[in-house]
Amino acid sequence: MNHEAPYTVEEIAEQVSTLAKQLHAAGRKDLLLKAIGAPLLEELRIEAAKAKLSRLVITEDYRFILADYQKEVELQPVHKAVYLLFLAHPEGIEFKRLADYRDELIKYYTATAKGLDRDKIIEGVDHLVNPLDNAINEKCSRIKKTFLDMMDEYTASYYIISSHTQKHFEGSNRIWYERLKIITLPRELVVLLHN
């Protein structure tokens with residue numbers, strides 16, 4: 001007995017397109033959104049963005065190159081160090097826990113700031129990891145501005161260090177929120193040429 005599917009995936013896509021256009025023409029985007037569902041819509045948004053996202057190449061001498069746009073991201077060594085830290089942690093980091101990453105941040109800053117005095121590096125990192133100091137917010141704002149100067153806001157949202165709130169349940173009645181900072185750029189687009 002032959003159990004061939006009644007439609008090919010291409011035919012199904014054509015039907016979905018036709019139905020989506022009909023709902024849109026009827027002014028019923030609400031039903032279209034309900035039919036697709038928010039989680040799938042977010043996946044589609046990411047898939048659409050991937051087509052125009054550039055690979056981020058980090059060279060051996062810590063230059064940040066958007067390879068597919070043929071542009072260099074001009075950042076100071078301290079900004080590069082912060083960026084490298086968040087790239088290395090796709091799961092995200094809470095600013096209030098930055099002190100836990102102090103040694104890693106010193107390592108990145110030392111690598112990106114060739115020739116800078118070690119005491120200056122440590123002093124700079126101590127400002128960044130101090131929860132009472134605004135230095136980390138200032139550095140993230142500068143990184144954001146640099147990317148926004150190079151691309152549209154939607155595309156830049158994948159490259160900047162942005163907020164992501166994660167809800168946690170502890171037992172049956174206790175809920176807590178983890179306010180993470182993350183870079184959402186798919187990591188397969190990151191090319192590290194240093195060790």
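Contact here means heavy atoms within 4.5 Å. The legends below describe close-up views of a predicted model.

**Figure 1. Surroundings of Ser54, a loop residue between α3 and β1.** Ser54 touches Leu66, Ala67, Asp68, Tyr69, Tyr159, Leu185 and Leu189, when residues up to four places away in sequence are not counted. With Ala67 there is also a polar link: the side chain of Ser54 reaches the backbone nitrogen of Ala67 at 3.2 Å. Because its relative accessibility is 0%, Ser54 counts as buried. The loop that holds Ser54 runs between α3 (38–50) and β1 (56–58).

**Figure 2. Lys181, a buried lysine without a salt bridge.** Lys181 belongs to strand β6, which comprises residues 174–183. The nearest side chain of opposite charge is that of Glu94, 10 Å away; a salt bridge would require a side-chain nitrogen of Lys or Arg within 4 Å of a carboxyl oxygen of Asp or Glu. The side chain of Lys181 instead forms a polar contact of 2.7 Å with the side chain of Ser163. Ser163 is also among the residues in contact with Lys181 once neighbours within four places in sequence are left aside, the others being Phe86, Gly92, Ile93, Phe95, Ile161 and Ser162.

**Figure 3. The buried side of helix α7.** Helix α7 is formed by residues 135–148, 14 residues in all. From its first C-alpha to its last, α7 reaches 20 Å, close to the 20 Å expected at 1.5 Å a residue. Its buried residues are Ala135, Ile136, Lys139, Cys140, Ile143, Thr146 and Phe147. These residues lie on the same side of α7, because they cover an arc of only 135 degrees around the axis. An α-helix has 3.6 residues a turn, so residues three or four places apart point the same way.

**Figure 4. Helix α1 and the glycine that follows.** Helix α1 extends over residues 9–25 and contains 17 residues. Its end C-alpha atoms are 24 Å apart, in agreement with the 24 Å that the helix should span at 1.5 Å a residue. After α1 comes Gly27, which has a positive phi, near 75 degrees.

**Figure 5. The whole protein as context for the close-up views.** The protein contains eight helices and seven strands. Of its 195 residues, 36% count as buried. Among contacts in the protein with a separation of 6 or more, 52% come from residues 24 or more positions apart.

Technical notes: Residues numbered from 1 in each chain as written. Predicted model: local features only at pLDDT ≥ 70, side-chain atom pairs only at ≥ 80, totals over all residues. Heavy atoms only, no water. Helix = DSSP H or I, 4+ residues; strand = E, 2+ residues; numbered from the N terminus. Expected span 1.5 Å × (residues − 1). Buried < 20%, exposed > 50% of the residue type's maximum accessible area, 1.4 Å probe, protein only. Arc of directions from axis to C-beta. Polar contact = N/O pair within 3.5 Å; in protein donor to acceptor, adjacent residues only side chain to side chain. Lys, Arg positive; Asp, Glu negative; His and termini not counted.
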